[in-house]
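Welcome, and thanks for taking a look at this one. Please open the model and keep the sequence alongside as you read.

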Amino acid sequence: MNIFVAGSVIDMARRNSGHSGGPKYPRSARVGETLREIIAEDLVRFDDERLSFVSITGIDVDPELNRAIVFFDSLAGEDGDDEIIEALGEYRIRLQSSIGRQIKAKKTPILEFKPDMAIRSSERIDEILRADRERRA
């Protein structure tokens, strides 16, 4: 499951929950949102130009919390992906240590970094629709 923003997770939980008294959603989704917040905050602290315009768009955590895929996007687009993945890989241990200190879990998931192709696909669809509207006008 991809977690893009806290609001969408909460909305999804409210739709799927038959209970009143707050959202009930899977532990991996809650952990994913917490990881997204921790990683995003840490990236701001790193003094690395390669990560200047990187946004953490979502985290997919496996049910056993062994692995987490960190999805990102940047202003550099696909051209900057390799450099960003390299930089994030260099900071992976620091990020995992930070996560371990901040969450209350028996283990910290191993992080893997991937560009968020869903965001890029939606941007491409927007471009196509915009071009079509301009062509028709």
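Here is a short briefing, grouped by topic.

This is a predicted model, and its protein chain holds four helices and three strands. Along the sequence, these elements follow the pattern α-α-β-β-α-β-α. Of the chain's 137 residues, 37% count as buried.

**Confidence**

- The mean pLDDT of the protein chain is 82, and 82% of the residues reach at least 70.
- Strand E3 (residues 110–115) has the highest confidence, with a mean of 96, while helix H1 (residues 6–16) has the lowest, with a mean of 38.
- Over residues 1–20 the pLDDT stays under 50, and for this stretch the model has 31 contacts beyond four places in sequence.
- Where pLDDT is low, predicted coordinates should not be read in detail.

**Strands and their pairing**

- Strand E1 (residues 54–61) runs antiparallel to E2, and seven bridges join the two.
- Within this pairing, valine 61 stands opposite alanine 68 of E2.
- Five residues lie between the strands in the hairpin of E1 and E2, where leucine 65 takes a positive phi near 60°.
- On to the next pair: E2 and E3 run parallel and are joined by six bridges.
- Here valine 70 has phenylalanine 113 in E3 as its bridge partner.
- Helix H3 (residues 81–102) belongs with E2 and E3 to a right-handed β-α-β unit.
- Why is strand E2 (residues 67–74) described as largely enclosed by the rest of the structure? Seven of its eight residues are buried, so the description follows from that count.

**Helix H2**

- Helix H2 covers residues 27–45, which is 19 residues; at 1.5 Å a residue they should span 27 Å, and the end C-alpha atoms are indeed 27 Å apart.
- Buried residues in H2 are Ser28, Ala29, Val31, Gly32, Glu33, Leu35, Arg36, Ile38, Ile39, Asp42 and Leu43.
- Isoleucine 38, which lies in this helix, makes a good residue to look up in the viewer.
- With a relative accessible area of 5%, isoleucine 38 falls under the 20% cut-off, and therefore counts as buried.
- Which residues does isoleucine 38 touch, not counting those up to four places away in sequence? They are Ser98, Ile99, Gln102 and Ile103.
- Isoleucine 38 and isoleucine 103 are 65 residues apart in sequence, and their C-alpha atoms are 9.3 Å apart in space.
- For the protein chain as a whole, 62% of the contacts with a separation of 6 or more are between residues 24 or more positions apart.

**Salt bridges**

- How many salt bridges does the structure hold? There are nine, and three of them are worth a visit here.
- In the first example, arginine 45 forms a salt bridge with aspartate 42, with the closest N and O atoms 2.8 Å apart.
- Arginine 45 and aspartate 42 are three residues apart in helix H2, so about one helical turn separates them.
- Arginine 45 is exposed, at 59% relative accessible area, whereas aspartate 42 is buried, at 7%.
- Next, arginine 50 forms a salt bridge with aspartate 48, and the closest N and O atoms are 2.7 Å apart.
- Arginine 50 is partly exposed, with a relative accessible area of 22%, whereas aspartate 48, at 11%, counts as buried.
- The last example joins arginine 136 to aspartate 132, where the closest N and O atoms are 3.1 Å apart.
- Both arginine 136 and aspartate 132 belong to helix H4 (residues 117–136), where they are four residues apart, about one turn of the helix.
- Arginine 136 has a relative accessible area of 64% and is exposed, while aspartate 132 is partly exposed, at 23%.
- Beyond single pairs, Asp48, Arg50, Glu86 and Glu90 form one network through salt bridges that share partners.

Conventions:
Residues numbered from 1 in each chain as written. Predicted model: local features only at pLDDT ≥ 70, side-chain atom pairs only at ≥ 80, totals over all residues. Heavy atoms only, no water. Expected span 1.5 Å × (residues − 1). Buried < 20%, exposed > 50% of the residue type's maximum accessible area, 1.4 Å probe, protein only. pLDDT = per-residue confidence, 0-100. Contact = heavy atoms within 4.5 Å. Salt bridge = Lys/Arg side-chain N within 4 Å of Asp/Glu carboxyl O. Pairing = 2+ DSSP bridges. Right-handed = clockwise from strand over helix to strand, strands pointing away.
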